[in-house]
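Q: I would like a close look at how the helices are packed in one part of this protein, taken step by step. Please go through it carefully, and keep to what the model itself shows.

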Amino acid sequence: MAFQILLNFFLAFVWMFLSVSFTAQSFLIGFILGLIVMFAFRRFFTSRFYLLRVGAVINLLFLFIKELILANISVLKVVLKPKLDFKPGIFALPTELKTDWEITLLANLITLTPGTLVVDVSFDNKILYIHAIDIADVNESIDEIKNSFEKAIMEVSR
């Protein structure tokens, strides 16, 4: 991915030098033309086209913002109830993520979401132990995390 970004910037600068115009507009035109050229020759790259990965990162960001807002609302509902009848607990989340940065990102996204906290990660990095302020159904919570954060992280990294 880094190679493709550098190549795109290089093509933009080459366009600037060939058109003998050193303005931001010329750079932007060269950048867009570089994107088109790289997209046309994407089969020659070993990794997928980097603009797709950038889109996946933006999708992950919006997913986190959505989950952050929904979690804040649910924690607010629990806190403002006159009778505190919530059910806190710790559950194990088996993960399909492999690399350390993927697991760290998942753990940070879960921890940054109000009402949940990653307590521990197993030695083989296959299970995350999560504390939640209110667990109605453990399997539903596991499926929710796997189908949102874990799936989005896999789209970014693979």
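How are H4 and H5 oriented to each other, and why?

A: A word of caution comes before the answer, since this is a predicted model. Helix H4 covers residues 100-112 and helix H5 covers residues 138-157, and the two pack at an angle of about 140 degrees, with their axes 10 Å apart. Angles over 145 degrees count as roughly antiparallel, and the angle here does not fall in that class, so H4 and H5 are oblique to each other. As for the hand of the packing, H4 passes H5 in a right-handed crossing. On the H4 side the contact is made by Trp101, Glu102, Leu105, Leu106, Leu109 and Ile110, while H5 contributes Ile145, Phe149, Glu150, Ile153, Val156 and Ser157. Sorted by class, this contact of H4 with H5 has 9 nonpolar residues, 1 polar residue and 2 charged residues.

H5 also packs against H3, a helix that spans residues 50-80. The axes of H3 and H5 come within 8 Å and cross at roughly 155 degrees, and because angles over 145 degrees count as roughly antiparallel, H3 and H5 are described as roughly antiparallel to each other. H3 passes H5 in a left-handed crossing, whereas the crossing of H4 with H5 is right-handed. From H3 the contact takes in Arg53, Ala56, Val57, Asn59, Leu60, Leu63, Phe64 and Glu67, and from H5 it takes in Glu144, Ser148, Phe149, Ala152, Ile153, Glu155, Val156 and Ser157. The contact of H3 with H5 has 9 nonpolar, 3 polar and 4 charged residues. Phe149, Ile153, Val156 and Ser157 of H5 are listed in the contact with H4, and these residues are listed in the contact with H3 as well.

The helices H3 and H5 lead on to the largest pocket, which has a volume of about 620 Å³. Of the 24 residues that line this pocket, the closest to its centre are Ser74, Thr116, Asp134, Ser141 and Glu144. Glu144 is also one of the H5 residues in the contact with H3. H3 and H5 each supply at least two residues of the lining, and the largest share, 7 residues, comes from H3. By class, the lining divides into 12 nonpolar, 6 polar and 6 charged residues.

Another helix pair, H1 (residues 2-19) and H2 (residues 24-40), can be set beside these: their axes come within 7 Å and cross at roughly 130 degrees. That angle makes H1 oblique to H2, and the crossing of H1 and H2 is right-handed. Among the residues that meet there are Leu7, Asn8, Phe9 and Ala12 in H1 and Phe27, Phe31 and Leu35 in H2. The contact of H1 with H2 divides into 13 nonpolar residues, 6 polar residues and no charged residues. Phe31, which is found in helix H2, is in contact with Asn8, Phe9, Ala12 and Tyr50 when its neighbours within four places in sequence are left aside. The C-alpha atoms of Phe31 and Ser74 are separated by 44 Å, with the two residues 43 residues apart along the chain, and Ser74 is one of the residues closest to the centre of the largest pocket.

Terms used. Residues are numbered from 1 along each chain as its sequence is written. This is a predicted model: local features need pLDDT of at least 70, side-chain atom pairs count only at pLDDT 80 or more; totals for chains, interfaces and linings use all residues. Side-chain values use heavy atoms; hydrogens and water are left out. Axes are lines fitted to C-alpha atoms, for helices over the stretch in contact, and angles run from 0 to 180 degrees between N-to-C directions. Helices (H or I, at least four residues) and strands (E, at least two) are DSSP runs, numbered from the N terminus. Angles under 35 degrees count as roughly parallel, over 145 as roughly antiparallel, 65 to 115 as roughly perpendicular and the rest as oblique. A crossing is left-handed if the near helix is turned anticlockwise from the far one by less than a right angle, and right-handed if clockwise. Contact means heavy atoms within 4.5 Å. Ala, Val, Leu, Ile, Met, Phe, Trp, Tyr, Cys and Pro count as nonpolar, Asp, Glu, Lys and Arg as charged, and the others, Gly among them, as polar. On a 1 Å grid over the protein atoms alone, a cavity is a set of points where a 1.4 Å probe fits but cannot get out, and a pocket is an open set with protein on both sides within 12 Å along at least five of seven lines; lining residues have an atom within 4 Å of a point. Grid points are joined across faces, edges and corners, and a volume is the space filled by probe spheres set on the points.
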